[in-house]
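Student: Could you take me closely through the part of this model where one chain meets the other, and set that part against the rest of the chain it belongs to?

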Protein chains: 2
Amino acid sequence: MASRTRKSERRTEALTRERILEAAVELLDATGEGGLTFRALTERLVTGPGAIYWHVANKGELLDAATDTVVAAALAIEPAESADSPQGEIRAVALGLFDAIDEHPWLAAQLATQLSRSPWGAVAPRILESIGRQVRALGVPEGSQFTATSALMHYILGAAGQNAANGRVLGPGVDRSEFLDATSRAWKELDPDDFPFTRAVADQMRAHDDQAEFLAGIDLILAGITAVHPPTT
Amino acid sequence: MASRTRKSERRTEALTRERILEAAVELLDATGEGGLTFRALTERLVTGPGAIYWHVANKGELLDAATDTVVAAALAIEPAESADSPQGEIRAVALGLFDAIDEHPWLAAQLATQLSRSPWGAVAPRILESIGRQVRALGVPEGSQFTATSALMHYILGAAGQNAANGRVLGPGVDRSEFLDATSRAWKELDPDDFPFTRAVADQMRAHDDQAEFLAGIDLILAGITAVHPPTT
DNA sequence: CGCCATGTTGGAACAACGTTCCAGACATGT
DNA sequence: ACATGTCTGGAACGTTGTTCCAACATGGCG
């Protein structure tokens with residue numbers, strides 16, 4: 001291919017948008033959301049800023065594209081035939097996103113930021129589609145499908161966003177149960193007049209399992225959907 | 001008080017943390033989330049960065065505090081007696097946050113960021129408390145109160161985050177219906193094989209009313225809660 | 001009444017970041 | 001061989017968050 005291996009090929013592998021995105025995701029995974037800088041990127045791929053800007057418009061587009069890539073991958077894993085019922089598939093979609101956030105801790109903040117900036121960008125339709133098909137299969141009448149699907153999507157994104165700190169974020173030295181303990185203790189020391197409920201559920205909060213809680217929320221909404229739209233008489 | 005009105009009192013009014021927070025919120029409201037810079041702040045309050053850093057640790061704390069202030073104000077408006085049922089009060093709390101985001105467009109992104117960074121900071125317990133009291137009044141058994149309340153909270157935060165762009169964000173020249181039209185049209189041009197559902201609901205999406213849709217989601221979850229935990233036989 | 005101690009201020013300076021600009025290297029078509 | 005358009009990497013710019021410090025105010029003590 002190349003013309004006789006010149007003294008040192010300009011690059012061992014051509015710089016491409018995909019390679020940049022890949023490096024960006026790896027950098028984010030390794031060093032957190034603050035770790036993705038153009039300086040670090042130019043060092044990782046061995047090049048200058050100009051080269052990157054040739055393939056990508058700006059940092060915002062880079063982050064958006066990275067997010068879209070990861071979300072698309074998470075939704076693609078969907079086993080397709082493993083789950084039998086529509087409910088099961090919805091849980092699978094939700095867990096897919098949940099796990100993706102667990103693998104890529106920066107994803108939560110990024111998803112949230114991106115959705116609030118351009119609510120119907122590339123990511124939202126992906127999720128809407130995955131869930132919507134199952135909502136349809138659930139027998140929800142056409143006029144209510146958008147509402148039901150949106151509700152599920154909003155819950156998933158809200159819950160996923162808050163469950164980002166599942167373990168690693170706190171860095172080494174502080175593990176999950178320690179963190180839950182500290183939070184629970186802090187809640188119990190809140191003003192009894194202003195925070196009676198929060199104080200009361202402090203124990204449930206300490207013992208709770210993120211994933212189980214997340215699924216319980218999904219089931220609650222699914223129950224609501226079936227209650228409001230009973231499956232075909 | 002002051003010693004004989006010197007040539008020009010150092011400040012007409014002392015610089016305090018509250019005054020800084022107030023100025024920060026005003027700046028955010030006026031110029032958007034990107035408009036809050038220490039330069040702009042020092043200009044607004046007539047001072048230097050050092051003075052601000054004496055009262056506030058860093059920009060993160062400033063944003064967190066501003067967010068907390070606004071959220072607390074939004075939850076305090078709660079009419080307390082206006083709504084009769086627990087369901088009604090939950091809707092009121094939700095709408096309070098919804099409206100706050102409408103008044104302070106930067107709040108959505110900030111809330112999302114803040115919740116994903118420190119999930120159980122100052123803001124979450126506030127919301128948890130407001131909703132939790134009503135969930136308790138709903139007759140949900142104690143062991144399930146945390147789950148039900150969390151589900152509602154996650155939905156509210158997820159939906160609120162995405163509904164930030166209600167009007168203003170797009171700037172003058174592009175109003176809401178134009179935006180919805182464009183989005184709806186874009187959805188209809190998606191790949192029929194990959195996005196059948198999204199294409200099908202494109203029309204519902206164009207016609208939808210954000211607030212009504214938001215409340216419909218709340219009602220769906222409330223229906224789920226009552227279905228799973230029927231009110232005291 | 002003067003003077004230090006303490007709390008507070010504002011400006012200058014710094015490092016890091018996103019971004020722009022440009023001179024030049026590479027591959028390709030003629 | 002040369003001209004052309006694509007692609008590269010480094011130097012430079014403006015802006016941001018933050019730090020540092022000399023100056024100021026005020027209240028208590030001698």
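Tutor: Helices are counted here as DSSP runs of H or I with at least four residues, and strands as runs of E with at least two. On that basis chain A of this predicted model has 12 helices and 0 strands, so that its elements, read from the N terminus, run α-α-α-α-α-α-α-α-α-α-α-α.

The contact between the chains draws 50 residues from chain A and 50 residues from chain B. On the side of chain A that touches chain B, at least two residues each come from α6 (106–117), α7 (123–137), α8 (142–162), α9 (176–188), α10 (196–200), α11 (202–207) and α12 (210–228). Of these contributors, α8(A) gives the most, with 13 residues. When the residues of this side of chain A are divided by character, 29 are nonpolar, 16 are polar and 5 are charged.

Turning to chain A as a whole, 36% of its 233 residues count as buried, and among its contacts between residues at least 6 apart in sequence, 61% join residues at least 24 apart.

One annotated stretch of chain A also deserves a look alongside the contact: the UniProt record, in an unreviewed entry, places the feature "DNA-binding region" at residues 37–56 of chain A. In the model, that span is 70% helix and 0% strand, and the C-alpha atoms at its two ends lie 14 Å apart.

Notes: Residues are numbered from 1 along each chain as its sequence is written. Chains are lettered from A and ligands numbered from 1 in the order in which they are written. This is a predicted model: local features need pLDDT of at least 70, side-chain atom pairs count only at pLDDT 80 or more; totals for chains, interfaces and linings use all residues. Two residues are in contact if their C-beta atoms, placed from the backbone, lie within 7 Å. Ala, Val, Leu, Ile, Met, Phe, Trp, Tyr, Cys and Pro count as nonpolar, Asp, Glu, Lys and Arg as charged, and the others, Gly among them, as polar. A residue is buried if 20 or more other C-beta atoms lie within 10 Å of its own, exposed if 12 or fewer, and partly exposed in between; C-beta atoms are placed from the backbone. UniProt positions are given in the numbering used here, feature names are shortened, and annotations may be inferred rather than shown by experiment.
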